[in-house]
Amino acid sequence: MHKTPVLSSSLINKMVDANIVFKCENFQKMGAFKMRGASNAILSLTDEERQRGVVTHSSGNFAQAVSLSALNLGVKAYIVMPENAPQVKKNAVKTYGGEIIECESTPQAREATANKIKEEKGASFLHPSNQDEVIYGNSTAAMELLEEYPDLDVILVPVGGGGLIAGTALAAHYFLDKCKVIGGEPMEVDDAYRSLISGRIETNDSFQTIADGLRTHLGERNFPIIQKHVDKIIRVEEAEIINAMQLIWERMKIVIEPSSAVAFAAVLKCKEEFKNKSVGIILSGGNVDVKNLPF
């Protein structure tokens, strides 16, 4: 893995009246934190399991991560992708040698297609967010951030399938227990927010969010971690996500995708909650279609 840089902006700090540092996983190999979990999961397989290949379902970033990790280790990768996944992410998967199988854009269709390939090919299934080895790999982004900034009051991350926030919560709990973990989630796919309220895993009826990487729901492996170690989840509107994304592009001169902007959007929405605090934000990825920007 790259030990990704941590950047800050004095202008953004003044804007929110807080000390914010951004862990830039958009500079990770293949452009997102997902490389951490995918690599750890494949390295955890036996030689025999690797020979039969791996299969996953993903809207893009985990698809790329599994493809690149598998390529590096000489493993065949079958990648189930929703038909509406960004073309830039499909192109990247092909570049890394992954074999794409398209399906409808629902969690049910993803899982059914991946299970079929698992049965037919004998491939090991790698879940994008609901697998221990993936969660542990994801946790290393927050571990690196806390090693560099051990006085953080809170870390914010975007919430989709729950793998990043679960790993972040474990890192914060075991390495800096006084640091809170808060999630940012699109209002249009607020299943994690509702799950914490109901005490059970909720799903979404709509998937209409610009944050394409967050259109999935929590799982039975990461949900208990989130329940125990995540302080809260802040929901943001689509316009707030776009505004946060544009601010990062314009003020910090770095490329992030919409999903990455969700955690920062939560800080902008609730400035009073973070006033005068030391805040870490994990920018989850930068794989964006520059021909289809929302601003």
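This is a short chat about a predicted model, covering its cores, its cysteines and a few single residues.

Me: Which residues have the most contacts inside the largest nonpolar core?
Reply: Ile-20, Phe-22, Leu-156, Phe-264 and Ile-281 do. The core holds 35 residues.

Me: Which elements give two or more residues to this core?
Reply: There are helices and strands on the list. The helices are H1 (10-16), H11 and H12. The strands are E2 (19-24), E7 (154-158), E9 (232-236) and E10.

Me: And which one gives the most?
Reply: H12 does, with eight residues.

Me: What does Phe-22 touch, leaving out residues up to four places away in sequence?
Reply: Quite a list. Phe-22 touches Pro-5, Val-6, Leu-7 and Ile-12. Phe-22 also touches Ile-248, Met-252, Phe-264, Ile-281 and Leu-283.

Me: What lies apart from the largest core?
Reply: Another core, of 30 residues. Val-21, Leu-152, Val-157 and Leu-170 are among them.

Me: New topic. How many disulfides does a search of the whole structure find?
Reply: Zero.

Me: Why is there no bond for Cys-24?
Reply: Because the closest cysteine sulfur, in Cys-179, is 17 Å from the sulfur of Cys-24. A disulfide needs the two sulfur atoms within 2.5 Å.

Me: What about Cys-270?
Reply: Its closest cysteine sulfur is in Cys-179, at 17 Å. That is too far for a bond.

Me: Is Cys-24 buried or exposed?
Reply: Buried, with a relative accessible area of 0%.

Me: Now backbone angles. What is the phi of Lys-253?
Reply: About 60 degrees, so a positive value, though Lys-253 is not a glycine. Most residues other than glycine have a negative phi.

Me: Where does Lys-253 lie?
Reply: In the loop between helix H11 (238-252) and helix H12 (258-269). Lys-253 is exposed, at 68% relative accessibility.

Me: And what is phi for Asn-276?
Reply: Near 65 degrees. That is positive, in a residue other than glycine. Asn-276 is in the loop between helix H13 (271-274) and E10.

Me: Is Asn-276 buried or exposed?
Reply: Exposed, with a relative accessible area of 63%.

Me: Last one. Where is Ser-284?
Reply: In the segment after strand E10 (278-283). Ser-284 is buried, at 5% relative accessible area.

Me: What is Ser-284 in contact with, leaving aside neighbours within four places in sequence?
Reply: Glu-25, Gly-31, Ala-32 and Phe-33, for a start. Ser-284 is also in contact with Pro-158, Leu-164, Ser-259 and Ser-260.

Conventions. Residues are numbered from 1 along each chain as its sequence is written. This is a predicted model: local features need pLDDT of at least 70, side-chain atom pairs count only at pLDDT 80 or more; totals for chains, interfaces and linings use all residues. Side-chain values use heavy atoms; hydrogens and water are left out. Helices (H or I, at least four residues) and strands (E, at least two) are DSSP runs, numbered from the N terminus. Buried means under 20% relative accessible area, exposed over 50%, partly exposed in between (1.4 Å probe, protein chains only). Contact means heavy atoms within 4.5 Å. A nonpolar core is a set of buried Ala, Val, Leu, Ile, Met, Phe, Trp, Tyr and Cys residues joined through side-chain atoms within 4.5 Å.
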